[in-house]
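Q: I've just opened this one and could use a quick tour. Can we go through it bit by bit?

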Amino acid sequence: MAALLKSLVGASEKSARIAQLCRQEEALFQLLIEEKTGTDKNKKFVQDFKTLADVLIQEVIKHDVGKEFPELRGHIGGEESNQFENSLGETLVVQVCATQQDTASLLFTILDRNQPAAELLAAAIHQEVALQDPALDAVALAIPPERLAIWIDPIDSTNQYIRGQARVAPIDGICPSGLCSALVLIGAYDRSSGDPVLGVINEPFFREDPLTHRWQGVYHWGISYQGTSLASLHRPPLRPEPCVVLSSSETPAIQRALRPLYGERLRFASGAGYKMLCVILGLAEAYVLSEGSTFKWDSCAPHAILRALGGGMVDLEAALQAWRAGQRGALPELTYNQPAAGAVGAERWANRGGLVAFMHREHLEVVMATLTTAAL
Ligand code: 2IP
Ligand code: CA
Ligand code: CA
C-alpha cells in the first residue's frame with residue numbers, strides 16, 4: 001500500500017512540475033498567454049494547448065502508475081481523452097513514449113513544430129521524482145491494487161490555471177480565485193463497493209518564492225480503508241462560527257437558505273477541488289453544491305482524504321431525500337464505480353445530485369436541517 005501511495009504522490013509531484021513548468025518557462029508560457037494576441041489561429045492554438053497540458057498530465061500519471069502497478073491498467077480513468085487535435089486539424093494520440101527522445105518527437109508534431117517547448121515538456125515527463133518524506137515511508141497498510149481503480153483530474157480549475165493570477169488576497173484563508181485553486185487530483189476507489197479509499201491533492205501553486213519567483217507546491221494525502229485511517233493532515237476542529245464555501249455560480253435560493261446558518265460567513269471560490277480542500281484544511285466547515293457540475297474525478301481524491309480525517313461527502317439530493325424520509329443515520333455518500341443511468345459522455349460520471357463536503361457529522365446535520373426547512 002505504501003508503494004501505491006508513494007506512486008500516486010510521486011505522479012502528482014511530476015504533474016505539478018509540468019503544470020508549474022508551463023507557467024514558468026518562457027517557451028511554454030508564451031503558448032498559454034498567446035490568447036491575448038488575438039488572431040484566430042492563435043486562439044485555436046491556445047485552446048489546443050490548454051487541453052494539451054491537461055491531456056499530457058493525465059497520460060503521464062496513467063503511464064507511470066500503470067507501469068508500476070500492471071493490475072491497475074485499464075482501471076485508470078480521468079477527465080481527458082488522449083485524442084488531441086492540433087491547430088493543423090490533425091488528430092494525434094498523446095502518449096508517453098519509451099524514450100524521452102520519442103516523446104519529444106511526438107510533442108514536436110503536436111506543438112506545431114515548436115522544438116524548445118517539445119523538449120522542455122519531454123524532459124519533465126521523463127524526469128525521475130525522488131520523494132523524501134518519512135511519513136510516506138512509515139505507511140504500512142496492505143490494500144491489494146487489483147481491488148482498486150483510479151480517477152484523475154490532471155488540472156482542476158483549468159480556467160484559473162490559464163488566467164494565472166499569482167497574487168489574489170485570501171479572505172479568512174480562502175482565495176476567491178487565482179492560480180492557487182489549480183490542483184492535481186488523484187483518487188483511488190474500491191472497484192466493487194465504489195467507496196473512495198486513497199486520495200492525493202497536489203497544490204502546484206501553493207507559494208511563490210519571493211526571490212526566484214519560482215512556484216513551490218505542497219501535497220496532501222489520506223487513506224481510509226476497512227476501518228484504518230491515515231493522513232498527512234490533522235482533523236481540523238469544528239469552529240463556533242462556521243463558514244461555508246460555495247461556487248460563485250451557486251443558486252440564489254441556496255445562498256438564501258444558508259444565510260441563517262452562516263450569516264456573513266458565506267465564502268466563494270473557484271475550483272471544485274479547491275473548495276473541498278478548504279473543508280479538509282478547516283478553512284470552511286462545508287462546501288455545498290446544488291448542481292451536477294462536478295465529476296467523479298473532481299471529488300474522489302478529496303473525498304478519500306475527508307474520510308481519512310473523519311469527514312465525508314454526501315450526494316445532496318439523495319441525502320435530502322433520506323433526511324426528509326426520517327432516515328437520518330448514515331446519509332448516502334458519493335460512490336465512484338457506477339456511471340449515471342441514461343447519461344452519455346462525461347455526464348455519465350457527473351455527481352448529478354450535487355454534494356455536501358463536510359468534516360464534522362454534527363455540522364452536516366445542521367446543514368441538512370437548514371436546507372430541508374428552507375423553501376428551495
Ligand atoms: C471544474 C472546475 C470549476 C468548477 C467545476 C469543475 O473542473 O473545478 O472551477 O466550477 O465544477 O468541474 P466552480 O469553480 O464554479 O466550482 P475543470 O477545471 O477540471 O474543468
Ligand atoms: Ca475538474
Ligand atoms: Ca481538469
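Q: Let's start with Y219: buried or exposed?
A: Keep in mind that this is a predicted model. In it, Y219 is buried, with a relative accessible area of 17%. The cut-off for buried is under 20%, so that value makes the grade.

Q: Where does Y219 sit in the fold?
A: Y219 belongs to strand β7, which covers residues 215–225.

Q: How far is Y219 from V200 in space?
A: Their C-alpha atoms are 7.0 Å apart, while 19 residues separate Y219 and V200 in sequence.

Q: OK, and what about I171 and A142, how far apart are those two?
A: From C-alpha to C-alpha, I171 and A142 are 41 Å apart, with a separation of 29 residues in sequence. I171 is in the loop between α7 and β5. Its relative accessible area is 44%, so I171 counts as partly exposed.

Q: Switching to the ligand. Which residues come nearest to ligand 1?
A: There are 15 residues around ligand 1, and the nearest are D156, S157, S247, K275 and S293.

Q: What polar contacts does K275 offer?
A: A polar side-chain atom of K275 is 2.6 Å from an oxygen atom of ligand 1.

Q: And which part of S293 faces an oxygen of the ligand, backbone or side chain?
A: Backbone: an N or O atom of the S293 main chain lies 2.8 Å from an oxygen atom of ligand 1. I155 also has a backbone N or O atom by an oxygen of ligand 1, at 3.4 Å.

Q: How much of ligand 1 does the protein bury?
A: The protein buries 76% of the 450 Å² that ligand 1 exposes when taken alone.

Q: Which pocket is it in?
A: Ligand 1 sits in the largest pocket. Two elements give two or more residues to the shell around the ligand: β4 (148–156) and α9 (272–280).

Q: Which element gives the largest share of that shell?
A: That's β4, with three residues.

Q: New topic: cysteines. How many disulfides are there?
A: Zero disulfides in this structure.

Q: Why isn't C22 in one?
A: Because the closest cysteine sulfur, in C97, is 17 Å from the sulfur of C22, and that's too far for a bond. A disulfide needs the two sulfur atoms within 2.5 Å.

Q: What about C243, how far is its nearest cysteine sulfur?
A: The nearest one belongs to C278, 8.2 Å away, and C243 is in no disulfide.

Q: Are those two buried or exposed, C22 and C243?
A: C22 is buried, with a relative accessible area of 1%. C243 counts as buried too, at 5% relative accessibility.

Q: Last thing, the backbone. What is the phi of D172?
A: The phi of D172 is near 50 degrees, a positive value in a residue other than glycine. D172 is in the loop between α7 (158–163) and β5 (183–190).

Q: Buried or exposed, that D172?
A: Exposed: D172 has a relative accessible area of 54%.

Q: And what is the phi of Q226?
A: Q226 has a positive phi of about 45 degrees, and Q226 is not a glycine. Its place is in the loop between β7 and β8 (228–231). At 65% relative accessibility, Q226 counts as exposed.

Terms used: Residues numbered from 1 in each chain as written. Chains lettered and ligands numbered in written order. Predicted model: local features only at pLDDT ≥ 70, side-chain atom pairs only at ≥ 80, totals over all residues. Heavy atoms only, no water. Buried < 20%, exposed > 50% of the residue type's maximum accessible area, 1.4 Å probe, protein only. Near = heavy atom within 4 Å. Polar contact = N/O pair within 3.5 Å; in protein donor to acceptor, adjacent residues only side chain to side chain. Areas by Shrake-Rupley, 256 points an atom, 1.4 Å probe, with all protein chains shown as cover. 1 Å grid on protein atoms, 1.4 Å probe; cavity = no way out; pocket = protein on both sides within 12 Å on 5 of 7 lines; lining within 4 Å. Sits in = over half its atoms within 2 Å of the grid points. Helix = DSSP H or I, 4+ residues; strand = E, 2+ residues; numbered from the N terminus.
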